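Biologist: Let us look at one model together. I will ask what the terms rest on, and you set the values against the definitions.

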Amino acid sequence: MSSGAVRTDLGAVLAAAAAALAGEPEHDRTVLLARLERHWPDLLDGLTQAYGDRATELAPRVVDLAVAGFLARPAELRLLDLRRHVEPDWFQSPRMLGYAAYADRFGGDLQGVAAKVPYLAELGVTYLHLMPLLAPRPRPNDGGYAVMDYRAVRPELGTMADLSELAATLRASGISLTLDLVLNHVAAEHAWARRAVAGEQRYRDYFHVFPDRTIPGLFEQALPEVFPDFAPGSFSWDEGLGGWVWTTFNTWQWDLNWHNPDVFCEFADLVCFLANAGVECLRLDAIAFLWKRMGTDCQNQPEVHALTQALRAVARIAAPAVLFKAEAIVGPAQLAPYLGTGPHTGKVSDLAYHNSLMVQVWSSLAARDARLVTAALRRFPPKPSATSWATYVRCHDDIGWAIDDGDAAMVGWDGWAHRAFLSDFYSGRFPGSDARGLVFQENAATGDRRISGTTASLAGLEVALESGDPAHVDLAVRRHLLAHLVVLGFGGLPVLWMGDELALRNDGGWADDPDHAEDNRWVHRPRMPWEVAERRHVQGTLEHRVWHGLRSAVRVRGRQAALHAAVESELLDPVNPAVLAFARRAPTQTLVALHNMSEHPQGWPRWAVPLDGPLVDALTGTPRDDDIALGPYAVVWLVPRA
Ligand code: GLC
């Protein structure tokens, strides 16, 4: 077949791929062609849903990119692909524990991170999300979320070679490296943006550019503002472009025009490139925003899922070891499709952030009440069994009070009032609150006040330590541990935010860096105080208690079949409203988790534990029969006694 011809049928696509693979070992060729045959329909469907007829020409072009990606894939990673094939649920294992950190703040640079692998291994970490480390624009760059070059590492951190080496070191310790794929926008300084400014039409078409405010004005009628404080609006005038460019986030983060198939091809190629550097999971940053449609909020459009399916097909052909993790901070109904619903089931992301669980944990701790969390989580549709939630208590971002009015009404609460209460509570304004959060992006139009702060400071530890009262400190530590235990027990891939294993408090110096002064999310993005980390070995210290509390729960977790991520958590009726209770029924084990969300002793009747026979608390090994007494902020994981 001549290279210019359009290959629309699978036979032709396979023949072309076979020719390109002629020089490869026979088993690799066989495997690749089998994968191509398997995922070609998903690729074609996804592209057709997004691009219509243009998919006919596009799909073979994308296959060429995937095949080229495979050709460049190192032998060690090809082997990893096969290993993952024989254990496709590896990331759903209860032994998984994630950790997220900025490379510079955790280890100084990439080699420094490699030197800290023993620390991660000691904690039981099996998955490491390093915050954006591909070359960003000069500061400010939103903590790296404004990428200037996806094929280079930030010079202060090292090189692409260092990155591959770090990935290999991590892999050797059983830790999978996750990196962000920032695909909604690039830095205004990215070569694509510069070439657009220089007048190259091909690159101007990579962005949404408008000559005047007419169309932007129409879009803005339905668009929410992400950063109303420091970057109001969703479009920015650019002198060089002589037009208004779409900028959902900051003015220097230019949204890419995914309606243009060339943009898709760039990212198909980047997926292969990063996979071949040894990245095992790609966090799809701000994925909800990819597709723009007039009259909508331009989030969660159906094409987002079609494009993800096509991109996932590329990865499954070229580098199937790689997982996709959706960062879609959206409501439950909009969230489910990111893990796959309808025809996309099993074909989009493997992991998605469980933002609601995180919000509900904080909400129920403030209210000392488990009824809303129960009602809200019950409304979640079950996810495809081959996918997993990424669960977390805190991450690098602020907390937005995603409490649904309908959920609140189900327990007789007013959604708006509860959200306002949570902002008051976590900013410490509510009478009796010990929380030390900072208000982030107060929105005068909606009344929203998001919150920044570390887990420990939000859990009241900072205030408690200042009080000097050991009983007060004890309660705050219990709250800190409880929040993590909910997440560890809920099922999914729990991801710890750096420093939470030591209960680090807010960073008082967060605003000293002038580039950070406007963005108080830096209050919970400290530099790792390694001297403080040493105290985890010293009995009687706060760090020792928190570290070992988490570490031992992580160990116990790894042995519970019911905590495999394919199993769903069933929320139990809150017969005691202060107790959050759920059951997890795996074929070989049922586990019932009870959490006292208050500082007062609580009880849970034995009849309300859906398990027969004698029980034991897996966390402590203590037999638990009769009614279950729960001390302040106590957690038990009940399983049948062997
Ligand atoms: C994601 C990141 C956030 C960033 C935004 C823009 O939401 O988590 O930190 O500001 O994307 O890239």
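Modeller: This is a predicted model. Start with helix α15, residues 355-367, and helix α16, residues 371-378. Their axes come within 8 Å. They cross at roughly 165°.

Biologist: Why is α15 called roughly antiparallel to α16?

Modeller: Angles over 145 degrees count as roughly antiparallel. The axes of α15 and α16 cross at roughly 165°. That value is over the cut-off, so α15 is roughly antiparallel to α16.

Biologist: Is the crossing of α15 and α16 left-handed or right-handed?

Modeller: α15 passes α16 in a right-handed crossing.

Biologist: What lies between these two helices, and what makes R368 unusual?

Modeller: R368 sits in the loop between α15 and α16. Its phi is near 55°, which is positive, and R368 is not a glycine. Most residues other than glycine have a negative phi.

Biologist: Which peptide bond is cis?

Modeller: The bond that joins R139 and P140 is cis, with omega about -5°. Most peptide bonds are trans. P140 lies in the loop between β3 (134-136) and β4 (147-153).

Biologist: Now the ligand. Which residues surround the ligand?

Modeller: Among them are D142, Y145, H185, F227, D285, H396, D397 and R521. The shell divides into three nonpolar, three polar and six charged residues.

Biologist: What makes Y145 count as nonpolar and D142 as charged?

Modeller: Tyr is on the nonpolar list, and Asp is on the charged list. Both residues belong to the shell.

Biologist: How do you know that D397 makes a polar contact with the ligand?

Modeller: A polar contact needs N or O atoms within 3.5 Å. A polar side-chain atom of D397 lies 2.4 Å from an oxygen atom of the ligand. That is within the limit, so it counts. H396 passes too, at 2.8 Å. So does D285, at 2.9 Å.

Biologist: How much of the ligand does the protein cover?

Modeller: The protein covers 94% of the 310 Å² of accessible area that the ligand has on its own.

Key: Residues numbered from 1 in each chain as written. Predicted model: local features only at pLDDT ≥ 70, side-chain atom pairs only at ≥ 80, totals over all residues. Heavy atoms only, no water. Near = heavy atom within 4 Å. Polar contact = N/O pair within 3.5 Å; in protein donor to acceptor, adjacent residues only side chain to side chain. Areas by Shrake-Rupley, 256 points an atom, 1.4 Å probe, with all protein chains shown as cover. Axes fitted to C-alpha atoms, helices over the stretch in contact; angles between N-to-C directions. Helix = DSSP H or I, 4+ residues; strand = E, 2+ residues; numbered from the N terminus. Parallel < 35°, antiparallel > 145°, perpendicular 65-115°, else oblique. Left-handed = near helix turned anticlockwise from the far one by under 90°.
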